[in-house]
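Colleague: I have a model open and would like a close look at one part of it. Could you take me through that part and then what lies around it?

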Amino acid sequence: MTQQLERETPAAPVQPKLGLVGSLRFAWRQLTSMRTALFLLLLLAVAAVPGSVLPQRGVNPGAVTTYLRQHPTSGPWIDRLGGFDVYASVWFSAIYLLLFVSLIGCVLPRTRVHLRSLRAKPPRTPARLDRLPAHASAEVDGDADQVLAAVAESLRRRRFRVDTGDGTVSAERGYLRETGNLVFHVSLVVLLGSVAAGHLLGWRGDVVVPVGDSFSNTSTLYDALDTGPWVDREALPPFSLTMDSLTVEFDEQATGSQRGAPREFRGEVTVRDTPTSTPRRSALSVNHPVSVDGAKVFLLGNGYAPVVTVRDAKGAVLFQQPVVFPPTDGNYNSSGVVQVTGATPKQIAFAGSFLPTAVVRQGTPTSVFPDTKNPVLLLTAYEGTIGNPASVYTLDTSTMTQLTDGDQPFSVAMSPGQTEQLPGGRGSITFDRVQRFAGLSIRHDPAKGWALWSAVAAMLGLGLSLFVPRRRVFARVRSVGPRTLVDVGALARGEDAGLDDELARALEAAGHSREERT
């Protein structure tokens with residue numbers, strides 16, 4: 001008996017094997033589904049969070065160095081995972097590319113379907129209009145053909161696409177809803193492509209330019225330069241600019257944290273697009289950059305550059321130029337380095353600080369206001385071999401010896417116009433005057449226009465997809481004795497509170513002034 005039951009038990013169905021082609025087709029369908037695209041978009045937003053929380057090398061390499069020094073255990077692991085260069089990391093690029101492919105795979109089939117629907121006629125009138133979400137009927141006076149024509153004309157005036165048949169009208173409107181949806185997704189693809197193109201072909205650099213000095217757009221002259229993978233650093237646009245003036249006014253009337261806040265921050269520059277082009281003057285201020293040869297020059301910061309002259313024992317000038325002292329706080333306490341590489345037999349360097357409004361508090365000199373009310377330059381001197389390459393703002397004293405004046409380390413506190421002799425007959429140093437410097441950020445993004453307009457198009461497309469209703473209205477007329485029976489119905493894609501109004505307008509066009517619901 002048991003053997004007979006086993007023989008009669010049907011065998012389990014055998015699932016067909018997908019094979020390589022079937023598996024690839026299944027994977028492609030999953031990748032190009034709208035659900036996957038939305039998930040990848042959310043994942044991309046989450047992946048961008050570390051780029052906002054952690055310092056990034058492309059924006060502030062100094063902050064990355066400080067973070068690594070303060071977090072010796074976790075910092076190197078974050079660095080290995082690309083946490084300090086999120087937007088160029090492998091994992092962020094993988095999500096980005098998958099989203100790009102997924103959106104294209106979603107948009108292309110839907111575009112083909114939408115184009116076919118734009119050319120197609122509205123669907124035929126259903127046999128049972130009373131089964132539609134909105135339905136009404138009424139008896140009106142007039143010939144059935146005339147009533148049918150009046151309903152069709154009314155729908156055409158309201159921008160419906162209309163198709164008439166034997167006693168029936170079918171109409172549809174709201175194709176802009178799907179058009180807006182497609183415009184949104186296509187714009188999103190263009191936006192992603194524009195951001196990628198900006199990363200590959202764009203560049204940005206930061207440079208400090210003292211007032212009166214010039215800057216040529218050469219990679220070696222930048223303090224920091226970040227270029228895209230497809231940018232030739234030796235073929236940057238050959239423009240140049242001269243920092244003619246820089247005006248900064250600080251608030252002296254306010255109290256508390258607002259005292260000393262900058263109230264005016266603007267500069268004047270002379271720009272040449274090419275070495276042989278005619279120079280032009282331009283104003284430069286915060287949020288009002290200067291455009292030059294496809295790049296934009298932004299004014300980001302300012303500070304002081306004391307003009308220092310160093311002479312040898314015979315009075316020959318070894319060094320004479322403004323030296324940038326970057327500010328370290330809101331009162332512009334600034335630190336910097338003067339490097340005299342031409343001194344013999346040993347090189348000489350000075351390290352110290354510049355105080356625009358110097359006072360002594362508890363035995364320590366400090367600045368109490370950012371403007372130059374009482375400028376003082378504090379320096380100490382070293383001799384030896386300056387490291388190569390030499391840092392512009394810091395001094396490596398491991399191969400140098402501090403100069404002494406008797407038993408005490410040599411140090412000076414100078415006001416503008418003051419000269420101090422160096423110990424041991426090594427010459428002199430003069431604090432000539434104070435100049436300002438401007439911190440400039442120069443950026444070139446060839447795809448920023450595409451990114452802007454695609455973002456605008458995406459917002460317009462989203463508005464159309466949200467606010468344009470997709471509606472279908474159907475009508476059937478037939479003679480009932482001396483009168484005509486008008487049966488109308490409507491449906492919409494999603495919730496739509498305006499269907500009853502559409503039915504009321506259709507009945508009014510047929511000659512009925514008041515709805516009679518069945």
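Which residues does Leu201 touch, not counting residues up to four places away in sequence?

Modeller: Happy to. Please keep in mind that this is a predicted model. Leu201 touches Trp230, Val231, His444 and Pro446, once residues up to four places away in sequence are left out. Leu201 itself lies in helix α9. With a relative accessibility of 38%, Leu201 counts as partly exposed, because buried would require a value under 20% and exposed one over 50%. For a sense of distance, take Val340: Leu201 and Val340 are 139 residues apart in sequence, and their C-alpha atoms are 39 Å apart in space.

Now to the helix that holds Leu201. Helix α9 covers residues 175-201 and has 27 residues. From the first C-alpha to the last, α9 reaches 38 Å, close to the 39 Å expected at 1.5 Å a residue. Several residues of α9 are buried, among them Tyr175, Leu182, His185, Leu188 and Gly198. The cover over the buried residues of α9 includes the helices α3 (34-47), α7 and α10 (448-467), together with the strands β2 and β3.

Tyr175 deserves a second glance: the charged end of Arg470 sits over the ring of Tyr175, 4.7 Å from its centre. A similar arrangement involves Arg173, whose charged end sits over the ring of Phe160, 5.3 Å from its centre.

The strands that help to cover α9 lead on to the sheet. Five strands make up an open sheet, in the order β1-β25-β24-β3-β2, with antiparallel pairing. The edges are held by β1 (134-140) and β2 (161-164); each has a single partner strand, so one side of each is left without a neighbour in the sheet. From one strand to the next, the twist averages 15°. At the β1 edge, seven bridges join β1 to β25 (residues 483-492), and the two run antiparallel. Within that pairing, Ala138 stands opposite Val486 in β25. Helix α8 (residues 144-157) packs on the sheet and touches β1, β2, β3 (168-173), β24 (471-480) and β25, with its direction at about 165° to that of β24. Another helix, α11 (residues 499-510), lies across β1, β3, β24 and β25 and runs at about 155° to β25.

Helix α7, also part of the cover over α9, brings us to the aromatic rings. The whole structure holds ten aromatic pairs. One of them is Tyr67 with Phe84: the ring centres are 5.4 Å apart and the planes stand at 65°, so this pair is edge-to-face. Tyr67 belongs to helix α5 (residues 61-70), while Phe84 sits in the loop between α6 (74-80) and α7 (90-119), so the pair links parts of the chain 17 residues apart. Tyr67 is buried, at a relative accessible area of 19%, and Phe84 is buried too, at 0%. Trp91 and Phe92 form an edge-to-face pair as well, with 6.4 Å between centres and 80° between planes. Here Trp91 is partly exposed at 34%, whereas Phe92 is buried at 9%. Elsewhere, ring pairs link Phe250, Tyr304, Tyr332, Phe354, Phe369 and Phe431 into a cluster.

Notes. Residues numbered from 1 in each chain as written. Predicted model: local features only at pLDDT ≥ 70, side-chain atom pairs only at ≥ 80, totals over all residues. Heavy atoms only, no water. Pairing = 2+ DSSP bridges. Helix = DSSP H or I, 4+ residues; strand = E, 2+ residues; numbered from the N terminus. Axes fitted to C-alpha atoms, helices over the stretch in contact; angles between N-to-C directions. Contact = heavy atoms within 4.5 Å. Phe/Tyr/Trp six-rings, centres within 6.5 Å; stacked < 30°, edge-to-face > 60°. Buried < 20%, exposed > 50% of the residue type's maximum accessible area, 1.4 Å probe, protein only. Lys NZ or Arg CZ within 6 Å of the ring centre and 35° of its normal. Expected span 1.5 Å × (residues − 1).
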